[in-house]
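Hi,

Here is the structure I promised to pass on. Have a look at it first, and my notes follow underneath.

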Amino acid sequence: MRSTNNIELLAPAKNLECGIAAIRHGADAVYIGAPKFGAREAAGNSVEEIAKLTEEARLFGVKTYVALNTILYDNELAEAEKIIRQVYEAGADALIIQDFGILEMDLPPIALHASTQVNNFTVEKIKFLEAVGFKRAVLARELSLNQIKEITDQTTLEIEAFVHGSLCVSLSGQCFLSYTMGGRSANRGACAQPCRKKYTLTDASGKVIVQNKHLLSLKDLNRSKSIRDLATAGVRSFKIEGRLKDIDYVKNITAYYREELDRILEEKPEFSPASFGKTSFFFTPDPAKTFHRGATEYYLRGRQDPVSGMDTPKSIGEKIGKVISVTQDSIRISGSKQITNNDGLTFVNHHGESSGLKINRIGNGAIYPDKMNGVFVGAILYRNYDQAFQMTLGKKTAERKIPVVMALAATPDGFELYGNVAHDSVETGYASNCTLNVTITPKPISTPPITNFAITMAKIPANNPSQSRENILRQLAKSGDTPFLVRDIETGGNEQYFFTAQQLNELRRGLFGKMRAETGLGSIVTLSVQLLTKPVTTFPITNTTPYPTDPVHFELNISNRLAQQFYRRHGIEKSEMSVEKRVVAGRLQVMVTKHCLQYELGYCSRFGGTSPSHLTEPFTLQDGTNHFELEFDCRNCLMKIFKEMGKKDRENGTTKTGG
């Protein structure tokens, strides 16, 4: 049973700039990398940047989650614990972690979210996470709607699910491909993405089945059309992947999903927004115009369409049309899409590879690219760079405003202007020297107000009260580049007095400045939101709930003494250390994935396919120097990839443990 019906849009932040853009474009929460030990090694941020982000986030009731979700070595535990306390003091609302050794530390009272790297795949695993004190679990991307519903029916843990962005082909936390090929560990935030490389697939006799294709490269996730179903299934946080993506991606994708969620909030009154403020957009969001490798819902509704993008791991873009004629230096295409100079187009050439065209000019219905690159009649063109759209994203694309109700009141020696935030989804009564109005009335704001600002001035009767009222409303309604939007003003009969524009501006600016500087709206955010949820758990929790896995091997990714201590307390007396912390000899499982090449190639009899009689298993993936044997676990609908670890492999990978 769900503990809340707040619907959260969670956006990525590579840095402070991207985080602020996410907030301005409607995110209810933002996740950002810690200074070290995040699953995106290249996306670390200083404590000072995180503090600035939390300050901006609080203005709108937006949460800030810090990712510290790699496995840790013993010599890093003290530094990691120090960073956790620093980001907590900087205002972070939660910590996203993978390493269970963190639960053995002396932690501040910060909420813990179980990263998808923990491999949150089963009901039993989620119930265990709840028992040991996690507040939220980030689900495995491979789960179907039915599996998600099964989980949410049996736990009160907050459930977060990815809805957009790049996909890891492996079950998260269970991929050792990058590490065994070159020493760069995905579980340490340094994945080299070998899954995006070209591979040749052969059978046991060496027959080539598929040559030089991106056989492990997946399309990108897009579940925008299933948000309602996910919410109904119990998902409460909808996560956009992309802590390495640039600010244009953050703007466009966050805005797109903000509009999707707003439609659901309008249609379904049982759901509430998770933050404050109304976002207005000055462009039309379109995920097809931002980096993507094609779209898939992955396995949300079971195995349906192919999920791989074998032709290219690069951005495909939006479909433009088909080439209908080709000359020496130009092409003509079908379709009605507007093409402009400097647009980038792609197509799959006769060799089955992606090729690109850059548009130099347009004339008389013909397109003149910089190079023809073998484009041919019948080729399907996609636009992966839209010059006009990129120029739009470079301008002001959104603003987010918090509705405010004002009341003007007389004092013995002047006037006071009262301000109160209006927010429909937060209960009245939780406040620090303030209250939150749920509804707006024409009556003056009563005690206690959010804040007030007074000035001393003479009370001069107005010659024309009607004009005075218009002047009051006009001047006080100006909000400029502040985070506030004046929704209603109660003059309180004070239009009987004369005000200069300067006096009214001073009142308004003083009120807005006080509202922001006095509390940063922090009292509204922390008290109205946190008091409606259960207290944050203090660690360590000393229960002995059995860990729900048998048998237990290196896939637990144990890399330090505190993680060993945690697992021993939960019933795992003997466990293997992680691949990164030991020398591996012999056959090693380097990946387990829901992506199945038998299915993708039409060989799976379970789904109506037929394997060619001349092919014999096991199949092998090769990239020239590396050979990987495939094993098809048809009972569980999984594909496993194995590598024979020799001396050279050990030198390149698993002996470089560090710590």
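Y298 sits in the loop that links β14 (295-296) with β15 (318-326); helices and strands here are DSSP runs, H or I of at least four residues for a helix and E of at least two for a strand, numbered from the N terminus. Its phi is near 60 degrees, a positive value in a residue other than glycine. Most residues other than glycine have a negative phi, and most peptide bonds are trans. Y298 is also buried, at 5% relative accessible area (buried means under 20%, exposed over 50%, partly exposed in between, with a 1.4 Å probe and protein chains only).

Before going further, the ground rules. This is a predicted model, where local features need pLDDT of at least 70 and side-chain atom pairs count only at pLDDT 80 or more, while totals for chains, interfaces and linings use all residues. Residues are numbered from 1 along each chain as its sequence is written, and side-chain values use heavy atoms, with hydrogens and water left out.

For the overall picture, the chain has 15 helices and 28 strands. Of its 659 residues, 56% are buried. Among contacts with a separation of 6 or more, 72% are between residues 24 or more positions apart (contact means heavy atoms within 4.5 Å).

Back to odd backbone spots. N364 is another non-glycine with a positive phi, about 55 degrees, but N364 counts as exposed, at 76% relative accessibility. You'll find N364 in the loop between β18 (354-363) and β19 (366-369). That loop belongs to a hairpin of β18 and β19 with two residues between the strands. There is a cis peptide bond too, from E617 to P618, with omega near 10 degrees. P618 lies in the loop between α14 (597-600) and β26 (620-622).

Staying with β18 for a moment: β18 and β19 run antiparallel and are joined by four bridges (two strands pair if DSSP finds at least two bridges between them). I359 stands opposite P369 in β19. β18 also pairs with β17 (residues 344-348), again in the antiparallel sense, over five bridges, and T346 stands opposite G356 in β18. β17 and β18 form a hairpin as well, with five residues between the strands, and there G352 takes a positive phi near 75 degrees.

Y368 is worth a click while you are there. It lies in strand β19 and is buried, with a relative accessible area of 18%. Leaving aside neighbours within four places in sequence, Y368 touches D329, S330, K358, I359, N360, R361 and G363. Y368 and D329 are 39 residues apart along the chain, yet their C-alpha atoms are separated by 6.1 Å.

Next, the sheet. Six strands make an open sheet in the order β9-β8-β26-β27-β28-β25, with antiparallel pairing. β9 (208-213) and β25 stand at the edges with a single partner strand each, so one side of each has no neighbour in the sheet. Ignoring direction, neighbouring strands are turned by 25 degrees against each other on average.

Within that sheet I looked hardest at β28 (residues 638-645), which is mostly covered, with seven of its eight residues buried. On one pairing, β28 and β25 (residues 586-593) are antiparallel over seven bridges, and R587 has E644 of β28 as its bridge partner. On the other, five bridges join β28 to β27 (residues 627-633), also antiparallel. There F632 is bridged to M639, and D633 to L638. β27 and β28 form a hairpin with four residues between them, and C637 in the turn has a positive phi of about 55 degrees.

Last, a helix pair. The axes of α1 (residues 16-24) and α8 (residues 247-267) come within 9 Å and cross at roughly 15 degrees (axes are lines fitted to C-alpha atoms, for helices over the stretch in contact, and angles run from 0 to 180 degrees between N-to-C directions). That makes α1 roughly parallel to α8 (angles under 35 degrees count as roughly parallel, over 145 as roughly antiparallel, 65 to 115 as roughly perpendicular and the rest as oblique). The contact is made by E17, C18, A21 and A22 of α1 and I247, V250, K251 and T254 of α8.

Cheers
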